[in-house]
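Here are some notes to read alongside the model. Each point takes up one topic.

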Amino acid sequence: MRGTQGLPEPFAGDLDMTVRTRFAPSPTGFLHIGGARTALFCYLHTRRVGGTFILRVEDTDRERSTQEAVDAILEGLHWLGLDPDEGPYFQSDNTAHYLEAARRLLEEGKAYRCYCSRETLDELREQQRAQQIKPRYDGRCRALAAAGTPFPDGQPYVIRFQTPTTGVTAWEDQIQGTIQFPNEELDDLVLVRSDGAPTYNLAVVVDDHNMGITLVIRGEDHISNTPRQMHLFQAMGWPVPHYAHMPLLHGADGSKLSKRHGAVSVLQYRQEGFLPTAVNNYLVRLGWSHGEQEIFTQSEMEQWFDVREVGRSAAIFDLAKLMWINGHHMRAAHPDQLLPDLLFHLAQRGITDPDPQQVRAIIPEFQPRAKTLVEMAEKCHFFFVDSVLPYEEKAAQKHFLTAPVAPYRALLESLTALPEWEMAAITQAFQQTVAAHGLTVGQLAQPVRVALTGTSVSPGIYEVLYLLGREKSLSRLQEGARLLGNAQEENAR
RNA sequence: GUCCCGUUCGUCUAGUGGCCUAGGACAUCGGCCUUUCACGCCGGUAACACGGGUUCGAUUCCCGUACGGGACGCCA
C-alpha cells in the first residue's frame, strides 16, 4: 500500500509558475460520482495549463482506511482516464513530517498542550449548544499555558494550534469569489491527537506545502477548514496556495449525495454500460459550460476547462441526461472501440464466445439504438442464441400470427434460392416478393422480424437478414413457417 | 442555534445594466421521416425566490426576508 515515490523538493515559491493540484481522497470507501467530479476538475484544470495533477491518499485515520478502498479509488480514477502525474502519495508515510511541524509550532509558542478530556469537551459543547452559540473549544488550556502553568505529569494531552482571536481571514476563492471569516469564529484546532497521531488539518497543510501544491481544488464542504489551514501556513512561514471550492453534487432531493441517491462507486457506471468519456462529459457540465456546447470530447475538455469558470451553485445529479450524453458518445464512437466492452457485456448475459467478427459487424446497427453498452448487449442478444423461441407474446399476436402466409413462404423460397447472401440480393428478393403479392414492405417485414428476432423491434430487416447470416436466417424463417402453418390449421378447424 | 455559501424553465445551464417580449440542452408533449425501434428533423409547454433600494432603465449592483446547502470532531 505504501507509495514508493519520495516527496518532491519543497515548493520554491512562485504560485503562478507551474500549477500543481492534488486530489486527496480518504480511503474509507469507494470513489463515488461526486469525488470523481472533484478529481476530474483537478485533472482537467492542470491539462489546460500544462500543470501537474497529484494524487494523495489521506489515510491519517488508520481506523477507517482500508486497502480495498485505496484499490477501488485507483481503479475508478484509471477507468475515467484520470491517472495522476504524481503519486499516489500516502499520508501515513509522512507522519514524521507532520509531527516535526507540530513540534516546531509548539517550540515557537504557536501551539500548546491541551489536557482537556473528551468528557470535558463534550460537556462544553453541550453547554454551548444549549446557549445557542457555535460549539467550539474555549481555549482554557491556552490560558493555562499562557500563564505558565506547569504541565501535569503523565496526563494525556493533545497539541492545539493557537488560532488568532482577532482580525479577519479572507481569500479570493477561484470559484466562490471573496470569502472571509472573522477569526473570532474559529477555535484552536487539534494538531496532534492524544495518541500522538497527526490530524487532517495539520497533515493537509504540511503536505500541500511539501508537495508544492499551488492550487487546492476541493468540495465546498471544506470552506470552513480553509481559514484554519491558512493560519497554519502562515504560522509555518509558508506561502498559502490558491483555493477553488467546488459546489457540491446533490441527489434528486437536493441534499448532499449519499448512497440512497445512487452515490455508488464510479465503477458501477462501467458495470452499467457507460463510457468513461461520457461520464466525464456529463460531470464537467455540472457547474461548467462552454458556450452552448453540450457534447465534448476528452481533448476538448482538456483544452477548454478552466476552474475559474465554474459556477457557484450546487447541481443535482440527473441520470436521464447522463444517458443522453452516453448515447451520443456511443454513436460517435468507432465500432472497434466499442467491441471489447460489448463483448464483456454479452458475456455478462451468458454469450461467452460469439464470433468477434460478427459482433464487430453488427455494432453500427445498434449504435443509434442503444444508450448504454448494457442496452446494446440486450438488443443484439438475439443474434447469438440458437433459437428465438418462444416469441415475445405481444409481438407474436400482433405481427406474426396474422401474417400473410403465402408471401411469407414465397420469401423463404426466394431467399433460400439466393446464390450469394448479400445485402443487394436480399433486398431485391424481399422487394420482389412484396410487389408480387401487392403488399407493403411493412406487412411482410414485421412477421419476418418476429421470426428472426422473437420481437417486433430490431434494426432494418434487410440488415438483420444479412448480418444474421444465411444459415440462422433461413432456419429461423423455416421455424416460423412451421408455426404459421400450425396456426393456420387450427384456425381452419 | 452560530458561522459560511448559494437561489434563472422539472433538471443542467447562457446571461455580468439596455441586444431579454430571457437563449441552449436533457426530460416532457405534438408532428415529420419510416419496414419496427431508435437516430435525425420541425414545433409546443415551461424559469429570473420575495420585498425594498441604486439607476432614465435591473435577471444583472446593494440591503433585507424566505428557502436550500455546507461547516461546527482527538473524521477527512
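1. Some terms come before the helix and the sheet. Axes are lines fitted to C-alpha atoms, for helices over the stretch in contact, and angles run from 0 to 180 degrees between N-to-C directions. Contact means heavy atoms within 4.5 Å. Helices (H or I, at least four residues) and strands (E, at least two) are DSSP runs, numbered from the N terminus. With these terms, helix α3 (residues 95-107) lies across β4, β5 and β8 and runs at about 100 degrees to β4.

2. This is a predicted model, in which local features need pLDDT of at least 70 and side-chain atom pairs count only at pLDDT 80 or more, while totals for chains, interfaces and linings use all residues. Residues are numbered from 1 along each chain as its sequence is written, and side-chain values use heavy atoms, with hydrogens and water left out.

3. The sheet under α3 is open and has three strands in the order β4-β5-β8, with antiparallel pairing. Two strands pair if DSSP finds at least two bridges between them. At the edges are β4 (111-114) and β8 (190-192), each pairing on one side only. The twist from one strand to the next averages 45 degrees. Strand β5 (residues 158-161) is joined to β8 by two bridges, and I159 stands opposite V192 in β8.

4. Which residues touch the most other members of the largest nonpolar core? They are L415 and F430, in a core of 101 residues. A nonpolar core is a set of buried Ala, Val, Leu, Ile, Met, Phe, Trp, Tyr and Cys residues joined through side-chain atoms within 4.5 Å. Buried means under 20% relative accessible area, exposed over 50%, and partly exposed in between (1.4 Å probe, protein chains only). Helix α1 (residues 33-49) gives the most to this core, with eight residues. A second, separate core of 31 residues includes F161, W171, M236 and W238.

5. Rings of Phe, Tyr and Trp (its six-membered ring) pair if their centres lie within 6.5 Å; planes under 30 degrees apart count as stacked, over 60 as edge-to-face and the rest as tilted. The count is 18 aromatic pairs. Y43 and F53 are edge-to-face, 5.7 Å centre to centre with 85 degrees between the planes. Y43 lies in helix α1 and F53 in strand β2 (residues 52-57), ten residues apart. Y43 counts as buried at 8% relative accessibility, as does F53 at 0%.

Key
Chains lettered and ligands numbered in written order.
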